[in-house]
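User: I would like to go through the helix packing and the internal cavities of this model, with the terms explained as we go.

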Amino acid sequence: MNNTLLNTNPLKPQKKWIEYISLFSLLLFTISVFSARGFNRPIEAIFILSILFSLKPICFYEKRNNGLWIYLLIAISLLLVFISNGIATATYPNLEIRHSKDSLDYVRILFFVFVGWWVIKHPKIIWVLLVLFSVAFIVKIVFSHQFSMLLSSDIPRLDFGFSNAQHSAAFAGSLLITCISLSPLILKIKNRQFKALACVLTFILLLITLVATLTSQTRAIWFGLFIVVSIAIIPWAILAIGKKSSHIKLKLAIFFAASFSTLLIFTSLNSTISSRVKFTAERVLHYSQLELKDIPPTSMGIRLHQWNLAINLIKKRPISGHGGGSAKYLISISNMPQAAITTFGHFHNSYLELGVGHGLGATFIFIFILGFLFHRLIKSYRDNHIGTEFFFWGISWIIFFGIINIFESYVGSRTGYVLFLIFGGIIYGITSKPYNETENQRDEIDTATTN
């Protein structure tokens with residue numbers, strides 16, 4: 001019986017050179033997330049090329065598990081993009097709009113299934129991806145020319161060299177959720193030195209991501225984290241009150257919970273941060289009593305005007321959309337306040353952005369993918385195929401990503417598809433049958449060996 005378990009291979013083997021190129025390019029792509037644009041694009045091209053080489057074994061795996069339909073979404077998305085861009089080109093023949101640029105960013109979010117396939121085959125790559133992603137973020141923050149400004153008494157709004165503060169906060173928020181939810185897994189490390197090192201590095205990541213999230217002063221990110229932090233902290237709560245928890249586990253749980261609470265309280269006392277939260281609450285109450293035409297073009301007011309415009313544009317072309325990359329032009333010819341027209345060239349909402357660009361079908365596919373991963377997490381957890389930490393981490397991140405895309409257009413940018421590529425890919429991988437079977441087989445092997 002043990003030999004059968006040891007020889008079980010849930011995936012069809014492929015040529016080694018394809019496997020090595022694919023894995024190597026995936027790791028390089030993760031490293032280059034925060035690098036200069038010129039370095040990132042060639043690595044991304046290698047990654048996409050390796051995906052094409054891997055299509056045959058990937059499709060074989062999906063066919064066995066009746067999951068081949070998920071790859072049809074890529075073809076459907078490309079078709080929607082082709083139709084909307086073709087109609088837009090015919091409608092605005094004199095405009096030099098690169099419709100394909102934003103369109104490709106949208107299609108790239110679907111590559112999470114390919115990353116997930118490598119997670120299925122190489123479960124340890126989860127930690128490689130998360131560590132590289134975290135290291136890249138920390139390096140970007142620490143070596144930012146703005147880092148020294150954190151020592152000032154009145155902390156300004158910082159973007160740390162990212163596209164803007166919203167994008168830096170999106171990365172920081174994702175890693176903060178990961179840090180809170182998955183840190184209990186440190187207790188499973190048997191080597192004391194590695195366990196101590198993991199605790200130190202996790203605390204550093206917790207500190208930097210929390211500071212970056214708060215100093216970005218992005219209210220949408222704060223709101224998203226406020227909603228999901230209670231979910232992300234559940235694994236620690238279970239660990240602390242569990243009957244089988246040892247004294248050291250309880251100490252570690254209290255240490256991380258106290259550290260997080262102290263950091264949160266300390267940073268929230270900053271006058272800049274507390275005043276922004278108070279000001280936002282007052283604005284929401286005030287704007288709720290005004291008509292749209294009377295709302296001033298503040299940061300929040302611009303969003304309300306843009307959302308109204310996007311909804312009206314979707315009503316005009318709900319099926320075909322107006323073409324990728326057309327948002328800036330459509331905003332420029334609108335009757336919104338001048339500040340809303342000249343300041344931004346997007347709609348501050350991924351769902352509306354997709355609907356305007358490629359029709360409601362594109363919006364539906366994005367929402368469907370989020371729901372698909374959400375359902376897979378619940379099913380896998382219910383079947384005892386994934387642990388508590390990964391379940392609450394996945395649920396927290398999906399809700400967080402879904403919320404922040406209401407207030408910013410992440411899907412049409414590198415931030416959105418990189419986040420979904422890594423985090424969505426890991427969630428897809430750990431909730432797949434071959435991954436679950438492999439993990440269960442390892443547990444059975446360990447038990448048999450012990451006995």
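Analyst: On a 1 Å grid over the protein atoms alone, a cavity is a set of points where a 1.4 Å probe fits but cannot get out, and its lining residues have an atom within 4 Å of a point. Grid points are joined across faces, edges and corners, and a volume is the space filled by probe spheres set on the points. This is a predicted model, in which local features need pLDDT of at least 70, side-chain atom pairs count only at pLDDT 80 or more, and totals for chains, interfaces and linings use all residues. Residues are numbered from 1 along each chain as its sequence is written, and side-chain values use heavy atoms, with hydrogens and water left out.

User: How many cavities of 30 Å³ or more does a search of the whole structure find?

Analyst: The search covers the whole structure and applies a lower limit of 30 Å³. The second largest cavity has a volume of about 40 Å³. The number of cavities found is three.

User: Which helix gives the largest share of the lining of the second largest cavity?

Analyst: The lining consists of Ser22, Phe47, Ser50, Ile51, Ser54, Ile58, Phe114 and Trp118. Helices are DSSP runs of H or I with at least four residues, numbered from the N terminus, and the elements giving two or more residues to this lining are H3 (37-53) and H7 (112-121). The largest share, three residues, comes from H3.

User: How are H8 and H9 oriented to each other?

Analyst: The axes, lines fitted to C-alpha atoms over the stretch in contact, with angles from 0 to 180 degrees between N-to-C directions, come within 11 Å for H8 (residues 125-142) and H9 (residues 165-182) and cross at roughly 135°. Angles under 35 degrees count as roughly parallel, over 145 as roughly antiparallel, 65 to 115 as roughly perpendicular and the rest as oblique. H8 and H9 are therefore oblique.

User: Which residues of H5 and H19 make the contact between these helices?

Analyst: H5 (residues 72-91) and H19 (residues 360-382) pack at about 155° with their axes 10 Å apart, which makes the two helices roughly antiparallel. Contact means heavy atoms within 4.5 Å. The contact is made by Leu73, Ile76, Ser77 and Leu80 of H5 together with Gly361, Ala362, Ile365, Phe368 and Ile369 of H19.

Technical notes:
1 Å grid on protein atoms, 1.4 Å probe; cavity = no way out; pocket = protein on both sides within 12 Å on 5 of 7 lines; lining within 4 Å.
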